[in-house]
Amino acid sequence: MPFRSVPFSRRAFINLTVFGGLMVLSLVIGLIVPPKWSVEQTTLDVQTNEKGELYYSSRGEPVIIDPISSKDSFLFSAEPGSLIGEIPVEEEYVSDTEDNGERSIHRLRAIKHWGFWSLLPALCAVVLCWVTREPISALLGGIVSGALILGQYDLTGAVLIPALGTTSVAGILVLYLWLLGGLLGVWSKSGAALAFAEWITRVVVRGPRTAKLVAWFLGITFFQGGTVSTVLVGTTVRPIADKENISHEELAYIVDSTASPIASQLAFNAWPGYVQAFIFVSGVTFLATEADRIAFFFSSVPFCFYAIFAVLGTFLLSVEKPLFLGKKMKAAMERARSTGQLDSEDAAPLALPEDSQSQPPVGYTASPLEFILPLILLISVAIGTFVAFGSPNVHWAFGVALILAGGMALVKGLTLRELVDGFSQGVRSVVGGSIILLLAITIGGISTQTGGGTYLVQLLESSIPWFLLPVLLQIMTMTIAFSTGTSWGTYAVAFPLAWRFH
């Protein structure tokens with residue numbers, strides 16, 4: 001049978017040309033450009049344990065150190081820009097005496113970078129996302145670019161498996177695929193999500209504005225922040241929003257822009273404890289202890305203008321009185337209200353349409369309590385574990401919510417086969433999002449290894465005018481956040497950078 005001829009479109013040609021050109025460029029950079037090294041110095045808040053050993057806390061765990069004198073340190077005496085190629089040591093703990101006579105302990109890390117080309121993996125992801133309009137291939141292109149620069153040609157064995165074969169990634173898979181996906185599937189199969197949407201529509205919602213206000217209020221309520229808050233709120237309000245013809249563009253903006261911003265404003269979560277570790281400065285008395293630094297974090301909350309404006313902006317969009325509305329958002333609102341089309345024509349939703357619709361078995365009548373009680377338990381466990389242990393255990397929270405939702409459905413008459421079928425459909429509905437999240441983690445690690453953030457620090461710290469600091473730091477944090485895909489990773493780079501500029 002002869003092969004059928006397939007037309008090769010102009011867009012496909014452009015996509016392949018851009019992708020191939022970026023990959024060839026990355027390969028050439030990796031082969032001919034030697035890496036440079038920049039020494040990152042962090043002053044540690046060192047304490048002494050009962051054995052007389054020096055240690056500092058990292059991620060809540062003590063790290064025992066044995067610092068050497070600054071006179072014996074290779075990295076301490078290295079001139080800026082003098083380290084090129086291979087070096088004998090990449091990390092040292094150094095003891096030094098300050099001008100005031102006080103002893104300080106520093107952690108010195110040699111971080112390599114390729115100058116401007118260190119930004120190439122992130123730029124590849126941006127360019128490919130713009131050209132192909134497809135996030136998975138764009139992120140994968142950025143990963144391949146970084147691997148070629150680093151000389152790691154075994155993409156699976158040297159890049160993907162080490163990046164994804166970690167405890168943190170396994171935790172993400174358990175949370176998003178099994179617990180979150182399973183909970184969504186059970187709610188969908190039993191009709192609990194639809195029952196809740198119909199109930200709250202009768203009680204609260206009177207149109208698109210009140211539906212969006214429910215989304216905004218839930219975003220404020222789930223102030224633990226991050227991706228979990230985004231997914232939880234989005235899952236809760238989507239049936240309500242869909243019934244009121246609210247475009248998915250509107251809903252995505254409201255849900256996403258109340259997640260992390262509100263977590264920094266109502267910071268009764270894990271964020272203060274994490275951030276305080278980055279704002280220790282030797283000799284600054286009001287930052288001497290962890291309690292002092294947490295208090296300093298809370299005192300900075302009124303000056304977190306981005307978070308304030310983000311939460312205010314989502315509220316104004318909810319009541320349809322925005323200070324600014326872009327063309328595409330306005331078009332999306334008009335499209336959804338007039339035609340009921342919630343996604344744009346060229347959209348590629350990660351959730352499958354058939355998985356977003358409740359399909360309860362014949363004869364099974366769901367109650368709003370099947371949605372509300374697991375949700376209350378989820379929030380209670382998350383807040384309770386935060387109070388008890390200092391950080392919310394979201395795996396426990398989603399796990400007990402899934403058990404309660406499944407148990408209630410079985411007691412009310414759902415068969416075990418139907419329950420497992422709903423669980424499987426829910427897992428399938430979040431596979432696409434999980435792949436994007438895992439690729440974002442991987443490209444974040446690649447960007448760190450190529451030293452993009454280090455290059456930006458070295459480029460700007462010696463020549464930046466003081467009055468441009470706020471704007472440039474904002475732009476830089478936006479770049480780092482996109483490159484790494486994590487707000488917490490951005491904190492880790494941005495805070496030491498800001499102190500350095502200061």
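**Note on the predicted model**

1. Glu-249, Glu-250 and Tyr-253 of helix 9 meet Met-329, Ala-332, Met-333, Arg-335 and Arg-337 of helix 14. Of the residues in this contact, 4 are nonpolar, 4 are charged and none is polar. The model is a predicted one, and the points below should be read as such.

2. Next, the geometry of that helix pair. Two packed helices are described by the angle between their axes and the distance between the axes. Helix 9 covers residues 248-256 and helix 14 covers residues 327-339. Their axes are 8 Å apart, and the packing angle is about 125°. Angles of 65 to 115 degrees count as roughly perpendicular and those over 145 as roughly antiparallel. The pair is therefore oblique.

3. His-248 also belongs to helix 9. Is His-248 buried or exposed? His-248 is buried, because its relative accessible area is 17% and the cut-off for buried is under 20%. Leaving out neighbours within four places in sequence, His-248 contacts Arg-238, Asp-242, Leu-342 and Asp-343. Take Arg-238 from that list. Arg-238 and His-248 are 10 residues apart in sequence, and their C-alpha atoms are 8.5 Å apart in space.

4. Now the sheet. It is open, has 4 strands and follows the order 1-7-6-5. The pairing is mixed. Strands of a sheet pair through backbone hydrogen bonds, either parallel or antiparallel. Which strands form the edges? They are strand 1 (36-43) and strand 5 (68-69), each of which pairs on one side only.

5. Strand 7 has two antiparallel pairings to check. With strand 1, strand 7 shares 8 bridges in the antiparallel sense. In that pairing, look at Lys-36: its bridge partner in strand 7 is His-113. Strand 7 spans residues 103-113, and 7 bridges join it to strand 6, again antiparallel. Asp-96 has Ser-104 of strand 7 as its bridge partner.

6. Ser-95 sits in strand 6, which runs over residues 91-97. Across from Ser-95 in strand 7 stands Ile-105. Ser-95 is buried, because its relative accessible area is 15%, under the 20% cut-off. Which residues does Ser-95 touch, not counting those up to four places away in sequence? They are Pro-67, Ile-68, Ser-69, Ser-70, Arg-103, Ser-104 and Ile-105. Ile-105 thus appears both as the residue opposite Ser-95 and among its contacts.

7. Ile-143 is in helix 3, residues 135-150. Ile-143 is buried, because its relative accessible area is 0%. Beyond its neighbours within four places in sequence, Ile-143 is in contact with Leu-155, Val-159, Leu-160, Leu-439, Thr-442, Ile-443 and Ile-446. Leu-439 is worth a look in the viewer. Leu-439 and Ile-143 are 296 residues apart along the chain, yet their C-alpha atoms are separated by 8.0 Å.

8. Last, the cysteines. A disulfide is a covalent bond between the sulfur atoms of two cysteines. How many disulfides does a search of the whole structure find? The search finds 0. Cys-124 counts as buried, because its relative accessibility is 0%. Cys-304 is partly exposed, because its relative accessible area is 27%, and partly exposed lies between the 20% and 50% cut-offs.

Notes: Residues numbered from 1 in each chain as written. Predicted model: local features only at pLDDT ≥ 70, side-chain atom pairs only at ≥ 80, totals over all residues. Heavy atoms only, no water. Buried < 20%, exposed > 50% of the residue type's maximum accessible area, 1.4 Å probe, protein only. Contact = heavy atoms within 4.5 Å. Axes fitted to C-alpha atoms, helices over the stretch in contact; angles between N-to-C directions. Parallel < 35°, antiparallel > 145°, perpendicular 65-115°, else oblique. Nonpolar A, V, L, I, M, F, W, Y, C, P; charged D, E, K, R; others polar. Pairing = 2+ DSSP bridges. Disulfide = S-S within 2.5 Å.
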